[in-house]
Amino acid sequence: MAIFILFFLFIGTTIDYLYFDAFTAAGPTFPIATIFSLSFATLTTLTAYYGGGEIILSSLGAEKLNLRIPEHRELHNIVTEMALASGSAMPRVYVIFDPAPNALATGSNEKNAAICVTTGLLTLLDREETQGVVAHEVSHIRNEDILLMTLVSILLGGIAILADWGRRGFYSSRSGRQLSKKNPLVFIPLLILIALSPLIARLLAMAVSRQREYLADAGAAQYTRNPRGLAHALEKIRDASMPFHKATRGTAHLFFVNPLRRRVNDRDGRLAGLLASHPPIARRIALLYRMAGLPQSAVQRSRVQMVQ
Amino acid sequence: MIFVIWGVIFVIGIWLISTYNGLTALRLRIQNAWRQIDVQLKRRYDLIPNLVETVKGYMQHEQDTLQKVIEARSQAMASKGAKQAAEAENMLNQSLGKIFLLMENYPDLKANKNVLDLQEELTTTENQITFARQYYNDLVTQYNTKQQVFPSNMLAGFFGFKPSELFEAAEAEKAVPRVNLSLSR
């Protein structure tokens with residue numbers, strides 16, 4: 001979160017320095033762009049914090065559970081179990097009526113978190129596997145990923161707008177004249193940075209998101225003491241292979257598996273690894289099986305401690 | 001020089017306060033986790049007579065097994081302390097597992113919606129008990145570790161923090177493979 005606000009601060013001051021001659025005697029008394037981009041960052045952060053979860057849930061068409069339906073009650077029970085296992089408060093539970101198997105967690109903190117599951121996931125997976133998926137989402141809540149991820153989806157849009165603004169200023173003649181007075185060694189790299197900032201922000205967000213997925217998988221294994229359930233769930237979902245149409249590039253990183261299913265995600269190359277919002281499924285499954293098998297993994301250690 | 005001494009005192013003070021508060025918070029969370037387990041256990045005790053009543057009509061030949069479940073339930077309800085409770089619970093688990101296995105032989109039962117609902121309720125209650133205990137044990141391990149490692153052990157000894165008791169699964173339960181309570185769909 002702080003990184004993102006710093007990022008905004010940086011873009012703002014750079015624009016000020018280049019176009020408005022701020023920080024010199026001739027310039028305006030206020031660094032306009034800095035203040036503008038800072039307040040923009042604060043505003044989006046506040047929106048994300050207080051309403052981000054609701055915005056995302058309603059944009060995906062999530063509905064509350066109907067406890068008369070046995071499958072919904074089972075889901076409710078499973079979420080209760082995982083809340084107990086992780087020692088956190090019971091999150092709100094939603095379903096999306098969609099055949100694509102997927103799930104997400106959103107909200108700002110543990111107390112107003114929500115878990116959302118598609119009906120496709122409920123029909124595809126058995127109890128043990130659903131438990132693994134729910135544990136993964138609860139672990140996102142416990143690791144405080146949900147606020148971060150909700151912020152990321154709203155801030156990604158914001159950075160793109162600011163950078164666009166900065167780039168357009170470059171072509172106008174007034175600022176062109178101002179630029180010629182400055183040291184080219186300073187302003188050329190800065191301009192390149194502004195032009196690239198949406199891409200940088202995206203890479204940053206994706207890198208954070210991928211690491212968080214591994215962490216949540218490990219957390220799920222810790223809560224269920226059963227990494228195989230989650231591994232089987234991932235295998236089934238991989239084989240079902242179905243894109244989830246309501247998801248967009250802005251919300252893709254919130255999901256349990258990549259809902260867009262661009263081909264780049266399934267490869268394990270270096271470039272593919274940089275651009276993907278989720279780690280390759282095969283690698284996630286392999287790691288989970290390793291947790292189930294090898295004694296030196298974290299899961300096994302905690303189990304040994306408990307028995308002693 | 002005097003600043004260095006004040007600095008050291010300040011750092012030690014901060015450490016004392018945070019360690020003491022950390023231990024106290026853990027102790028309270030452990031107490032809360034223990035109460036959580038009790039809530040789940042109570043719910044299971046309430047569910048068992050319902051299940052027995054519902055399946056009684058179908059399972060004419062298994063009256064002995066049903067009787068055993070009822071007995072195990074009352075024993076578990078009367079038990080005191082972590083050790084004794086674990087043994088009684090173990091008995092109850094085994095007899096319940098037997099009933100669920102026997103139910104596979106009665107197709108009528110598997111089609112009965114009431115029974116299916118009860119079964120899901122019992123399954124989730126069992127799981128909730130397991131997970132609540134797991135969480136309790138995780139907390140206790142954390143608490144006890146903190147009391148024994150240097151340097152927080154000095155503080156724990158001075159303020160009289162006592163290690164908590166882990167909830168141990170009975171040896172028999174470890175050997176028996178876990179029974180899957182849900183009917184195959």
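**Exercise 1. The loop before α6 of chain B**

Task: Find where P151(B) is located and which peptide bond is cis.

Solution.
- Step 1. P151(B) sits in the loop between α5 and α6 of chain B. Helices are DSSP runs of H or I with at least four residues, strands are runs of E with at least two, and both are numbered from the N terminus.
- Step 2. The cis peptide bond joins F150(B) and P151(B), with omega about 5°.

This is a predicted model, where local features need pLDDT of at least 70, side-chain atom pairs count only at pLDDT 80 or more, and totals for chains, interfaces and linings use all residues. Residues are numbered from 1 along each chain as its sequence is written, chains are lettered from A and ligands numbered from 1 in the order written, and side-chain values use heavy atoms, leaving out hydrogens and water.

**Exercise 2. How α5 meets α6 in chain B**

Task: At roughly what angle do the axes of α5(B) and α6(B) cross, and which residues meet?

Solution.
- Step 1. Two packed helices are described by the angle between their axes and the distance between the axes. Axes are lines fitted to C-alpha atoms, for helices over the stretch in contact, and angles run from 0 to 180 degrees between N-to-C directions.
- Step 2. The axes of α5(B) and α6(B) come within 5 Å and cross at roughly 95°.
- Step 3. Therefore α5(B) is roughly perpendicular to α6(B). The classes are: under 35 degrees roughly parallel, over 145 roughly antiparallel, 65 to 115 roughly perpendicular, the rest oblique.
- Step 4. On the α5(B) side, K146(B), Q147(B) and Q148(B) take part; they meet S152(B), N153(B) and A156(B) of α6(B). A contact means heavy atoms within 4.5 Å.
- Step 5. Sort these residues by class: one is nonpolar, four are polar and one is charged. Ala, Val, Leu, Ile, Met, Phe, Trp, Tyr, Cys and Pro count as nonpolar, Asp, Glu, Lys and Arg as charged, and the others, Gly among them, as polar.

**Exercise 3. The two sides of α6 in chain B**

Task: Which residues of helix α6 of chain B are buried, and what covers them?

Solution.
- Step 1. Helix α6 of chain B spans residues 152–159, and its buried residues are S152(B), L155(B) and A156(B). Buried means under 20% relative accessible area, exposed over 50%, and partly exposed in between (1.4 Å probe, protein chains only).
- Step 2. These buried residues cover an arc of only 100° around the axis, so they lie on the same side of α6(B). The arc is that of the directions from the helix axis to the C-beta atoms.
- Step 3. Recall the helix geometry: an α-helix has 3.6 residues a turn, so residues three or four places apart point the same way.
- Step 4. On the other side of α6(B), G157(B) and F158(B) are exposed.
- Step 5. The cover over the buried residues of α6(B) includes α1 and α5 (113–148) of chain B.
- Step 6. After α6(B) comes G160(B), with a positive phi near 70°.

**Exercise 4. A helix pair in chain B**

Task: Describe how α1 and α2 of chain B pack.

Solution.
- Step 1. Helix α1 (residues 2–56) and helix α2 (residues 63–78) of chain B have axes that come within 11 Å and cross at roughly 170°.
- Step 2. That angle makes α1(B) roughly antiparallel to α2(B).
- Step 3. Among the residues in this contact are Y45(B), I48(B) and P49(B) of α1(B), and L66(B), V69(B) and I70(B) of α2(B).
- Step 4. By class, the contact of α1(B) with α2(B) has ten nonpolar, one polar and two charged residues.

**Exercise 5. Positive phi in chain A**

Task: Are E144(A) and R225(A) buried or exposed?

Solution.
- Step 1. E144(A) lies in the loop between α5 (127–142) and α6 (145–171) of chain A. E144(A) is not a glycine, yet its phi is positive, about 60°.
- Step 2. With a relative accessible area of 63%, E144(A) is exposed.
- Step 3. R225(A) is in the loop between α8 (184–224) and α9 (227–240) of chain A. R225(A) is not a glycine either, and its phi is positive, about 55°.
- Step 4. R225(A) has 15% relative accessibility and counts as buried.

**Exercise 6. Each chain as a whole**

Task: How many helices and strands does each chain have?

Solution.
- Step 1. Chain B has seven helices and zero strands.
- Step 2. Chain A has twelve helices and four strands.
- Step 3. Add the buried shares: 42% of the 185 residues in chain B, and 51% of the 308 residues in chain A.
- Step 4. Check the confidence: chain A averages a pLDDT of 74, and 61% of its residues score at least 70. The pLDDT is the predictor's confidence in each residue, from 0 to 100.
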